[in-house]
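The following exercises concern the structure shown below. Each task is followed by a solution that proceeds step by step.

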Amino acid sequence: MASRIHLPILDDRPKDKCGVIGVWGDPDAVRLVYLGLYAQQHRGQESAGIAVSNGIDLENYAGMGLVPEVFTPREIERLERARQVPEGERAATATGGAIGHNRYSTTGGSKSCNAQPLLETTVDGPVAIGHNGNLVNGEAWRRVFAEQGRLFHTTSDTEVIVHLLASPEQRATPDPLAATLRKLQGAFSLVVLFPDRIEAARDPWGWRPLVLGKLPGGRDCVASETVALDVMGAEFVREVEPGEIVTLSDAGVESRHFAPPAERLAMCVFEHVYFASPASSVFGQSVQLARENLGAALAKEAPVQADFVMPMPDSGRSAANGYARASGLPYREGIVPNRYVGRTFIKPTQQERRAAVRLKLNVVAEIVSGQRVVVVDDSIVRGTTTREKMKQIRDAGAKEIHLRISCPPIRHPCHFGVDFATRDQLIAHERTVEDIRRFLGVDSLAFLSQEGMLSVMRHESGSYCTACFSGDYRIDVEHPVADEVVAKNQIPMFPEAAGQA
Ligand code: SF4
């Protein structure tokens, strides 16, 4: 593998919190999960992990870094051995499987102890868990358990799920996992590994994607994105529904609901704008086509006289294509990315940042010099890197720069698993488009409207979360359920589900 150059880049792109994957029963489960993690690397580049079941016990390995950095061939072989039942051990009653996780931290911070899957041993046996999303009431639950004297190994919100699962209140119910999930508020797409099965679940609002697949050998798998199914050679079967738990075991796939889907679903529209792989189909819609259509909608809303359209690589490429097609302007690539530049966690000086941006993205002066260019990007978060890029284009001799963004201004932080920085760090927070234009140093600036963005989505517009643009969080994120109410087990998170086991 070619090594990557790690530069002091302050990467102000939004970061998703994680991707999950699970394979049950396939003899190659570990390698398939490894491939799936590779395919979902864009969902989390801070840590990666795999937990395996041999039908009796669980084992895991997780560490900081990109998937190929964490998993050496030796580590993969060790996990594959852990999938075998040791000689002299009692016969396994299940074939076993594996789950995997890519992580970028939001709640909990960047620490190796937070790398997932988390593996814990409860009174009912071992359990490993991988979580994509963010629990709005995770901190409230943590305080409740901490006051009861429970110990935590991590600072992540995911660990409270295991504590809930192991609680006497949940264990006393016929379906402890369902009872546990009903106590959670916020975004979660989960894979939970037990010795005899994988349970995959999605929150009732459907914030994050989760899909079910069928492997060539007939075994079942689950992943955050369809691109992982493609890489594993699996067929897409269906999405896991909001509020559903899907069990993957030697008996095949079984489904039950721990809660009905929320009346107003909240599928993250930003998965289509930026996060998900363009090769994936998310919420039943091709990400690549959605991005092209966002660009086309932007061209209709914000046309401009120019010589050509160019993308901000790589994320603005699909929208730039759509903008060019709809506007009739030529499409050209005036910025070339350096694919060998990795990311780092070192905070750079201003000078280092400038050098890093220049090394990561090179402007082709022969293309932009003397030209009126439309630059299309998918989003702006802090704006600092965008400003550097615009300066580079200007320095290369562009006559006019018209910046077009294929989503509305991001004015609010995300509480559902995306790291957008704090409200004050968002360039659009309490600033007008004209303020931002002046800061970025471009001749014109336009964002796609929220209506325009939602008009290209497959489902009706009320089914999508738009909180980072609109501030409509759907649930009370400022006042998550109070500790004392939680402690008394009185939280009617899903009143419709009351009485369900
Ligand atoms: S706030 Fe934005 S990024 Fe977060 S879930 Fe909603 S749409 Fe997605």
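**Exercise 1. Determine which residue of E6 stands opposite Gly22, and place the pair in its sheet.**

Solution. In this predicted model, Gly22 faces Ile99 in E6. The next step is to identify the two strands: strand E3 comprises residues 19-24 and strand E6 residues 97-103, and six bridges join them in antiparallel fashion. Both belong to an open sheet of seven strands, ordered E5-E4-E6-E3-E12-E11-E13, with antiparallel pairing. At its edges stand strand E5 (58-64) and strand E13 (235-239), each paired on one side only. With direction ignored, neighbouring strands of this sheet are turned by 15° against each other on average.

**Exercise 2. Describe how H1 and H3 lie on the strands, and classify the angle at which H1 and H3 pack.**

Solution. Begin with the strands. Helix H1 lies across E3, strand E4 (47-53), E6 and strand E12 (220-223), and runs at about 20° to E6. Helix H3 lies across E4 and E5, at about 160° to E5.

Next, consider the helix pair. H1 (residues 29-39) and H3 (residues 73-82) pack at about 135°, and their axes are 9 Å apart. An angle over 145 degrees would count as roughly antiparallel, and 65 to 115 degrees as roughly perpendicular; H1 and H3 are therefore oblique to each other.

Finally, examine the contact. Val30, Arg31 and Tyr34 of H1 meet Ile76, Leu79 and Glu80 of H3. By class, this contact of H1 with H3 contains four nonpolar residues, two charged residues and no polar ones.

**Exercise 3. Trace the sheet that contains E7, and explain why one side of E7 and of E15 lacks a neighbour.**

Solution. First, establish the order: six strands form an open sheet, E7-E8-E9-E10-E14-E15, with antiparallel pairing. Strand E7 (118-122) and strand E15 (252-257) are at the edges and have a single partner strand each, so one side of each remains without a neighbour in the sheet. The twist from one strand to the next averages 20°.

Second, inspect the pairing of E7 with strand E8 (residues 125-135): five bridges join these antiparallel strands. Leu119 is opposite Ala128 in E8, and Thr122 is opposite Gly125. E7 and E8 form a hairpin with two residues between them.

Third, add the helix. Helix H5 (residues 159-166) packs on the sheet and touches E7 and E8; its direction makes about 135° with that of E8.

**Exercise 4. List the residues around the ligand and state their classes.**

Solution. The residues around the ligand are Trp207, Cys268, Val269, Phe270, Cys414, Phe416, Val418, Cys465, Thr466, Ala467 and Cys468. Sorting this shell by class gives ten nonpolar residues, one polar residue and no charged residue. Since Thr is absent from the nonpolar and charged classes, it counts as polar.

**Exercise 5. Locate the cis peptide bonds at Pro117 and Asp314 and the positive phi of Phe283.**

Solution. The general expectation comes first: most peptide bonds are trans, and most residues other than glycine have a negative phi.

- The bond from Gln116 to Pro117 is cis, with omega near 5°. Pro117 belongs to the loop between E6 and E7.
- The bond from Pro313 to Asp314 is also cis, with omega near -15°. Asp314 lies in the loop between strand E19 (308-311) and helix H11 (317-327).
- Phe283, which is not a glycine, has a positive phi near 50°. Phe283 is located in the loop between strand E17 (281-282) and strand E18 (285-286).

**Exercise 6. State the mean pLDDT of the chain, and find stretches where the pLDDT is below 50.**

Solution. For the chain as a whole, the mean pLDDT is 88, and 87% of the residues reach 70 or more. Residues 343-348 have a pLDDT below 50; beyond near neighbours in sequence, this stretch makes 15 contacts in the model. Residues 489-501 likewise have a pLDDT below 50, with 24 contacts beyond near neighbours in sequence. Predicted coordinates should not be read in detail where pLDDT is low.

Terms used
Residues numbered from 1 in each chain as written. Predicted model: local features only at pLDDT ≥ 70, side-chain atom pairs only at ≥ 80, totals over all residues. Near = placed C-beta within 6 Å. Pairing = 2+ DSSP bridges. Helix = DSSP H or I, 4+ residues; strand = E, 2+ residues; numbered from the N terminus. Axes fitted to C-alpha atoms, helices over the stretch in contact; angles between N-to-C directions. Contact = placed C-beta atoms within 7 Å. pLDDT = per-residue confidence, 0-100. Parallel < 35°, antiparallel > 145°, perpendicular 65-115°, else oblique.
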